[in-house]
Amino acid sequence: MAHESAIATAKEAADDGLVLAFGRLQGAANRLEYILGRAIEEECGISHLMFEVLLILGRAGEAGLPMRAIAQERVLTTGGVTRLVDRMEAAGLVVRDADPGDRRGRLVRLTPVGEATVVRAARIHRENIRRFFLEPLPEAHRERFAEDLRTLSHAARDALPRLR
């Protein structure tokens with residue numbers, strides 16, 4: 001890959017191997033999110049973001065999670081999470097209960113409808129991940145690719161506090 005000092009023109013910038021590689025990663029992620037998110041919306045009537053929140057709450061178990069924990073997990077503002085959870089509550093997917101550890105806080109939990117919805121959506125999502133994310137790759141590369149993505153994700157997560 002070219003060294004950064006080798007970039008002297010817009011054409012060289014656009015054709016740089018590192019720039020192209022990252023662009024391909026972003027493009028693939030954006031297109032896959034659209035394809036997979038649309039399938040969840042069409043089949044289950046929820047957005048991909050709602051599905052992700054349902055998964056977060058599924059991991060949390062019966063106790064549920066405070067709104068701020070959902071916001072941190074999804075890198076959303078608390079106002080954004082409040083509006084999203086309002087819509088999810090209106091759809092019967094979640095409930096908010098008093099937080100025994102915080103007088104002013106509320107815990108968000110899955111309802112039985114939310115549980116059934118996340119299970120159904122996850123089955124659809126899993127099949128679409130296999131179809132659109134794994135099957136295009138050579139079978140011998142799939143496990144290594146998943147490991148490399150984990151490494152990149154953890155490195156980026158660990159770099160976030162230093163960038164603030």
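**Exercise 1.** Classify Ala 28 as buried, partly exposed or exposed.

Solution. The structure is a predicted model, in which local features need pLDDT of at least 70, side-chain atom pairs count only at pLDDT 80 or more, and totals for chains, interfaces and linings use all residues. Residues are numbered from 1 along each chain as its sequence is written, and side-chain values use heavy atoms, with hydrogens and water left out.

Step 1: take the cut-offs, which are buried under 20% relative accessible area, exposed over 50% and partly exposed in between (1.4 Å probe, protein chains only).
Step 2: the relative accessible area of Ala 28 is 32%, so Ala 28 is partly exposed.
Step 3: place Ala 28 in helix α2, residues 17-44; helices are DSSP runs (H or I, at least four residues), numbered from the N terminus.

**Exercise 2.** How far apart are the C-alpha atoms of Ala 28 and Leu 57?

Solution. Step 1: along the chain, the two residues are 29 residues apart.
Step 2: in space, their C-alpha atoms are separated by 27 Å.

**Exercise 3.** Classify Phe 22 as buried, partly exposed or exposed.

Solution. Step 1: locate Phe 22 in helix α2.
Step 2: its relative accessibility is 48%, so Phe 22 counts as partly exposed.

**Exercise 4.** Which helix supplies the largest share of the lining of the largest pocket?

Solution. Step 1: a pocket is an open set of points on a 1 Å grid over the protein atoms alone, where a 1.4 Å probe fits, with protein on both sides within 12 Å along at least five of seven lines; lining residues have an atom within 4 Å of a point.
Step 2: helices supplying at least two lining residues each include α2, α6 (112-134) and α7 (139-163).
Step 3: α7 gives the largest share, nine residues.
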